[in-house]
Amino acid sequence: MASIVPGFRSTLSRLAGQSLVLARMSSTSASSGSEVHPTSLNSFNTNHALYDKYRPTHYQPAVDSLVSHLDLPSKAKVIDLASGTGKFTALLKKFNFDLSAVEISDGMLETFRSNFPEIPAYKGSSYNIPFPDSSLDAIFIAQAFHWFADISALREFYRILKPGTGALALIWNYEPEMEHNSPWQRKIAELCWAYDVHLPQFRRMNWQNVFDTKEAAELFEIPLKVEKKYWSYKTPPEAVYPLWETKSYITALDDVERAQLKENIEQIVAQEAKDDLDENGMLDLKMGVYYTWTVSKG
């Protein structure tokens, strides 16, 4: 399948020399090399309310398709890992699941529990998931696996999934390919991507590398199965910048840089997206959705 990694502008030299110091997190079930990325954790703790307000949901037909491929039993015991504020969890509620959430960020958990007081939500990382061995029918991960795409995480997933039947399902919204996008939207994306140098991102597709390893092939059925769909949602023009502000690499900018980026994005929207406004003054924001799944080995 053709790569969806878009070409994007040269990254800012200002960021080229930055090093990312990983925060060590203890884990009783994962290997001693397990780490939680500090930039993601800081962003999610800081931005949980903004994230909840401006990040889009997921395309329900894609979620329905993903779930149908997993062939899970009635009352399947599943978790939404790295659940955030519950954007994806909300779409799993329609299924007859025994559903729980796991999230490492205190800020995200605060908003999640406010949004879904009826759903059990536990603090835990991809390296230390608070469930017993062989206890889950499925792990769903939305918008997050690229942050912890390593063999330690796969070992932990394998530990808690039922051998031979437990499913691992990954899904991402992403900035779609040029032919499925609006020129002004793509221009804004490339402007923002210029600030993103070192952080793991879905669009680079490096998260796939862990599944090319011998150990991954001993834990899960390889290759992964993959599908993509395209969709759009309505948003007011003034919400375009706040959506990008929820990105971890934009959160990391100083106030002056964020103010300049905000001005640049709002100028692009005002000048180049005005013809795309509908009768209610809303924009159609184009999205791609990529989802992939596999099953643990017995």
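What volume does the largest cavity have? In this predicted model, the largest cavity has a volume of about 660 Å³. A search of the whole structure finds two cavities of 30 Å³ or more. Empty space of this kind is shown by rolling a probe the size of a water molecule over the atoms.

The walls of the largest cavity come next. Its lining consists of 36 residues, and those that lie nearest the centre are Arg55, Gln143, Asn173, Tyr174 and Lys247. Six elements are named as giving two or more residues to this lining: α2 (38-54), β7 (167-174), α7 (183-193), α9 (240-245), α10 (248-251) and β9 (283-295). Of these, α7 gives the most, with four residues. Sorted by class, the lining of the largest cavity has 18 nonpolar, 11 polar and seven charged residues.

Helix α7 also leads to another part of the structure. It packs with helix α11, residues 255-272, at an angle of about 170°, and the two axes are 10 Å apart. Because angles over 145 degrees count as roughly antiparallel, α7 is roughly antiparallel to α11. The crossing in which α7 passes α11 is right-handed. On the α7 side, the contact is made by Trp184, Lys187, Ile188, Leu191 and Cys192. On the α11 side, Leu261, Asn264, Ile265, Ile268, Val269 and Glu272 take part. By class, this contact of α7 with α11 has eight nonpolar, one polar and two charged residues.

Two details of the backbone remain, and both are found in loops. As background, most residues other than glycine have a negative phi, and most peptide bonds are trans. Asp71 is not a glycine, yet it has a positive phi of about 55°. Asp71 is found in the loop between α3 (60-70) and β3 (76-81). The other detail is a cis peptide bond, which joins Ile222 and Pro223 with an omega of about 5°. Pro223 has its place in the loop between α8 (214-219) and β8 (225-235).

Conventions:
Residues numbered from 1 in each chain as written. Predicted model: local features only at pLDDT ≥ 70, side-chain atom pairs only at ≥ 80, totals over all residues. Heavy atoms only, no water. 1 Å grid on protein atoms, 1.4 Å probe; cavity = no way out; pocket = protein on both sides within 12 Å on 5 of 7 lines; lining within 4 Å. Points joined across faces, edges and corners; volume = space filled by probe spheres on them. Nonpolar A, V, L, I, M, F, W, Y, C, P; charged D, E, K, R; others polar. Axes fitted to C-alpha atoms, helices over the stretch in contact; angles between N-to-C directions. Parallel < 35°, antiparallel > 145°, perpendicular 65-115°, else oblique. Left-handed = near helix turned anticlockwise from the far one by under 90°. Contact = heavy atoms within 4.5 Å.
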